[in-house]
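Please walk through the helix packing and the pockets of the model shown here.

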Amino acid sequence: MTDSPHRIDTPEDIERALTALAAGDAVIARVLSKAGLPAPRRREPGFEGLAQIVVGQQVSTASAAAIWGRLRSAIDPFEPAAITAASDDILRGVGLSRPKIRTLRAVAEVIETGGFQFESLGDLAADEAHARLCAVHGIGPWTADIYLMFCLGHADAWPAGDIALQHAVGAAIGLQHRPDAKEMAEIGARWRPLRGAAALLFWAYYRVLRERSGAPG
């Protein structure tokens, strides 16, 4: 692994993590043989990375990219103070919903007032880092886990509420239903402290399932 046991930053990190998991878990070994090694998925950490995840909530990838492009053009430099100063008209004009505007403003405010430091998250265990992110108004469990995975490369983040991940895990372990977030948390415990690597693998497996049998998009 990399210098920190909490990080999966490179293809080599992912390979080592999944090889270790597969050695002791038949489900991981089987899925790895079908899906292959997933590639790293990384974004810039900090306010901008978290904001991009918020923008992408509950919209298509294409829509998220378009809204983010307009937002970055309208807010330059992209800093908490600039979001605080921007009018609602500007933020709505780029395509942001009212809840997303409230979330971005809440994150910007807590950063500006010194109530939150992104730098402290990287060295924390996944559950503690998750809790600190969720303590910020508007940041829910999915957003927190996606930030930990894609912006920090946290090896043990586990987005239990992600629908694609739920479909893939349910199929992999032979369930006749899509497990909910609570059940996913229980299932994922077997892959600690490398649940983030497992999540990357199951997302790759979900793409395989879609190609083979038309799983929901």
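In this predicted model, helix H8 (residues 126-134) packs against helix H9 (residues 141-150) at an angle of about 125°, and their axes are 9 Å apart. Angles over 145 degrees would count as roughly antiparallel and those from 65 to 115 as roughly perpendicular, so H8 and H9 are oblique to each other. Their crossing is right-handed. On the H8 side the contact is made by Ala 126, Ala 129, His 130, Leu 133 and Cys 134, and on the H9 side by Pro 141, Ala 144, Asp 145, Tyr 147 and Leu 148. By class, this contact has 8 nonpolar, 1 polar and 1 charged residues.

Both helices recur in the second largest pocket, where H8, H9 and helix H11 (181-188) are the elements that give two or more residues to the lining. This pocket has a volume of about 180 Å³. Its lining has 14 residues, and those nearest the centre are His 130, Pro 141, Asp 145, Trp 158 and Ala 160. Of these, His 130, Pro 141 and Asp 145 also take part in the contact between H8 and H9. The lining divides into 8 nonpolar, 2 polar and 4 charged residues.

The largest pocket holds about 1,100 Å³ of space. It is lined by 30 residues, with Gly 56, Val 59, Thr 61, Trp 142 and Asp 162 nearest its centre. Two or more lining residues come from each of helix H3 (47-55), helix H4 (61-74), H9, helix H10 (163-172) and helix H12 (195-213). By class, the lining of the largest pocket comprises 14 nonpolar, 10 polar and 6 charged residues. H9 thus contributes to the lining of the largest pocket and to that of the second largest pocket.

Terms used. Residues numbered from 1 in each chain as written. Predicted model: local features only at pLDDT ≥ 70, side-chain atom pairs only at ≥ 80, totals over all residues. Heavy atoms only, no water. Axes fitted to C-alpha atoms, helices over the stretch in contact; angles between N-to-C directions. Helix = DSSP H or I, 4+ residues; strand = E, 2+ residues; numbered from the N terminus. Parallel < 35°, antiparallel > 145°, perpendicular 65-115°, else oblique. Left-handed = near helix turned anticlockwise from the far one by under 90°. Contact = heavy atoms within 4.5 Å. Nonpolar A, V, L, I, M, F, W, Y, C, P; charged D, E, K, R; others polar. 1 Å grid on protein atoms, 1.4 Å probe; cavity = no way out; pocket = protein on both sides within 12 Å on 5 of 7 lines; lining within 4 Å. Points joined across faces, edges and corners; volume = space filled by probe spheres on them.
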